[in-house]
Amino acid sequence: MIKYLAYRLLQLIPPLFGLTIILFVLLRVGGDPIYHLVDPEASAEEIEEVRKAYGFDKPLLVQYMNQMEMIFTGNFGKSFRFKTEAMPLIIERLPATIELALFSILVALIIAIPAGCLSAIYQNSILDLFVTIFSTIGRAMPNFWIGIMLIFFFSVVFRILPVSGRLEATSIILPAITLGTSIATTMARILRSSMIEVIRKEYIVTAKSKGLSKFKIIRSHILRNSLIAVTTVFGLQFAWILGGSVIVEEVFAWPGMGRLILKSVQLRDYSVVQAGVFIFAIIVMFTNLTVDMIYAYLDPRIRYK
Amino acid sequence: MKIIMISIVLFIISIGNLQASKNEVLTVGMNELVSSLDPPTDWAIASTWVHMNLFDCLVWRNRKTADFEPWLATELNNVSPTKWNIKLRKNVLFHNGEEFNADAVKWTYERITTSSRDKFITFKQWTFIKEIQKISDHEINIITQKPEPAFMSKMAGTGCGIQAPIAGKKNQNAGKYMPIGTGPYKLDEFKKDDFISMNVNENYWQRTPDVEKIIWRAIPESSTRIANLLTEDVDVTIGVPPQDWNRINSTGYASVNEYLTTRVMLLVLRTGPSKKNPDWTGVTSNKKIREAIKYAIDRKLILEVIQNMGVPSISRITPPTLGWDKQFYNIFGEYNPEKAKKLIKDSGYDGTPLVMHSSSSYLMQKEVAEIVASMLNAVGLKIDLRVMDVTTFREQVYYPYKNQDIYMDALGNSFFDPWIAVLSFRSDRRERTGWSGSSADKVDKLIRSAAVNMNPKNRANEYIELQKIVVEDGPMVPLYQMKDALGKNKRVKWDMPLDGFLWFGDAVIY
């Protein structure tokens, strides 16, 4: 197992290396940061002077090599905007984004597991129809719109939850619901299909004939065996949560990594974007690795070598 | 059970306390916060608003008249064209108890002037200072590189906040930064892109401000900012779009207050090729076409469409800036589509499309660009309108000088002095217009003369003369000075100063 883990960790290196190249190219093609560091009245000479001061007059290959040299020493360079090291800025925001992601997952599980189970057990009933409609609407609605509607009803009309920020303990509720709802809809659909498939298996008939209670059959036999598919989707959805957090953090003024990266992309603050995407990539890769490990727990037949 | 009862009572008491303390807190909803609390490192207007509550400058604008006046200085005398003698205010303390004196002024500005552009974004702004001489603890001389008529304006420019020298040097040596000024508020906590909280400076040299705490919150989404105002989570919010005005005004506890910004929405016309765009041959090189564009613009209609969120102007120099004049400001200018049509016919225009670039960054800018394009189409010009987001506009059109016949933009003047508003007409700054000829030469002469003219009256006349030429023959068609709107809870007694800066030293909360 340890050997397998070490092998998987080593496998992370090439994609991360590829990511640095893709990011470098995309950011350079996307725009010129110098234009965000000069005033609108700056002359052509002044612009060139600033370009030189920041080292953007050097050939792209030299710039890339300099960047890689810094990354290997754990330094992503300085943020143009904040004039401080980029990585500590990202690390500072990481807890807020992780908190939002975890609460969103919690919301998603609270909605998806009962909805998916009931929908599968009472297949083709009114309840199933209701879950299907809810899932379709949930997938179709854009995150920012759900967020604005939640703010309108729960904060402006009923005044029971804070509008934005991270100043109160209850501030997490609306952003987590916004982000969690859309994942819940997908997870509920997957769980439903997976459970319907398991319900038809012979071992479920055997369990029933053994006189096991309905609750025990669902919990120990149907749900557990259906969770592999849900776990796979969860791994994929986690990356979606991180991407979705950019918009949700913007709408709810949630001080996380997403908002920082969005602003940094707008201002071509290369170092921060690179450090942020690097951390996002590591989180996603480790999530995938964790999901693979969970497979072994859920299905004892799976063994890693 | 007892424990539950006690907990409930304590909870109610704590809510009561929270409510009481809330009345002493002013919360401001901003679209973005400062990137740094060190004034010379961030020149965004919103950042300057925050800095000015922590720091004072030697000179500042009168909040009611916007005239420059001594602030931490008590007297400023121009003893020779390049020498200013400045007497400093006594008995002023920094937030850490250090005394404000000549060393503080010297350290604050030499820290910038002896540094570089990549360290301080405002570095260039301060290079007009040649030397700072300490005469005594409360008297200095500032020697400028050349005669500097905009001295007062530049001394109130971005990064002017005086910093505590002893603590400043100590922090600098330790590689740290702490904002220690003499301003009405002192820093309590700063979470980047989240909030800044400031506590009252009880020893403020003017008088102790009434509001005990100010919290600046970063709320980038405008609908969320408005929701925060409606739920009374914030007391003041900036950038309120017209569609929300009725909703806010009908609450009974909040209102919308309009204020004038320094920005002027304008059209810039290319008149010829330039160094960065040497092969350009466009329709607007024809003077008759440029004149036709001026007559084709109906400013009255534009202002109706933007719900009067502006004051019509045919010049970029607007009040209270020196050189503004009634003949250019608060007038609609001549709207004469027939004359425009005749000029186009006389020009021999062959129907070649005119490329018009615009960003969509300011309030209803996209709509205004569309109206302007349709006005020009109506007089017979074919307009190829290209509206883009502000980042794309700046990166692909504005800074690389790729502008074609026309571009629409809004330019501000936070210096409140005309030198920056006319800079693009100077002979070495005409990359975007390619303006040349006898009028252009006259304007160049006037700009260079006014830049060193130490007589304010004569200098103002030079700018008036210059504006006349620009209106007549210039490559710029200003449309209107832009207004913005601020949402405010009625419990806050505070009016936006004439310079449009959010300074809360005189705010009161009921």
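**Questions on a two-chain model**

Reader: Is Phe416(B) buried or exposed?

Author: The relative accessible area of Phe416(B) is 6%, an area of the kind that comes from the Shrake-Rupley method with a 1.4 Å probe, where for residues only the protein chains shown count as cover. Buried means under 20% relative accessible area, exposed means over 50%, and partly exposed lies in between. Because 6% falls under the 20% limit, Phe416(B) is buried.

Reader: What kind of model is this?

Author: Residues are numbered from 1 along each chain as its sequence is written, chains are lettered from A and ligands numbered from 1 in the order in which they are written, and side-chain values use heavy atoms, with hydrogens and water left out. Local features need pLDDT of at least 70, side-chain atom pairs count only at pLDDT 80 or more, and totals for chains, interfaces and linings use all residues, these being the rules for a model that is predicted.

Reader: What is the phi of Phe416(B), and where does this residue lie?

Author: Most residues other than glycine have a negative phi. Phe416(B), although not a glycine, has a positive phi of about 55°. Helices (H or I, at least four residues) and strands (E, at least two) are DSSP runs, numbered from the N terminus, and in these terms Phe416(B) is found in the loop between strand E16 (406-411) and helix H13 (438-450) of chain B.

Reader: Which two residues does a cis peptide bond join?

Author: Most peptide bonds are trans. In chain B, however, one bond has an omega of about 5°, and the second of its two residues lies in the loop between E13 and H10. This cis bond joins Pro319(B) and Pro320(B).

Reader: Which residue of chain B pairs with Arg448(B), at 3.6 Å between the closest N and O atoms?

Author: A salt bridge is a side-chain nitrogen of Lys or Arg within 4 Å of a carboxyl oxygen of Asp or Glu, and the count by this rule comes to 34 over all chains. Arg448(B) lies in helix H13 and its partner in the loop between E16 and H13, so the pair ties together parts that are 20 residues apart in sequence. Salt bridges that share partners join Arg426(B), Asp428(B), Asp444(B) and Arg448(B) into one network. In the 3.6 Å pair, the partner of Arg448(B) is Asp428(B).

Reader: How does Asp428(B) count, buried or partly exposed?

Author: Its partner Arg448(B) has a relative accessible area of 40% and is partly exposed. For Asp428(B) the value is 42%, and so this residue is also partly exposed.

Reader: Which element gives the largest share of the lining of the second largest pocket?

Author: A pocket, on a 1 Å grid over the protein atoms alone, is an open set of points where a 1.4 Å probe fits, with protein on both sides within 12 Å along at least five of seven lines, and lining residues have an atom within 4 Å of a point. The second largest pocket has a volume of about 1,400 Å³, the space filled by probe spheres set on points joined across faces, edges and corners. Of its 49 lining residues, those closest to the centre are Lys78(A), Ser79(A), Phe82(A), Lys83(A) and Thr84(A). The largest share of the lining, four residues, comes from H4(A).

Key: Buried means under 20% relative accessible area, exposed over 50%, partly exposed in between (1.4 Å probe, protein chains only).
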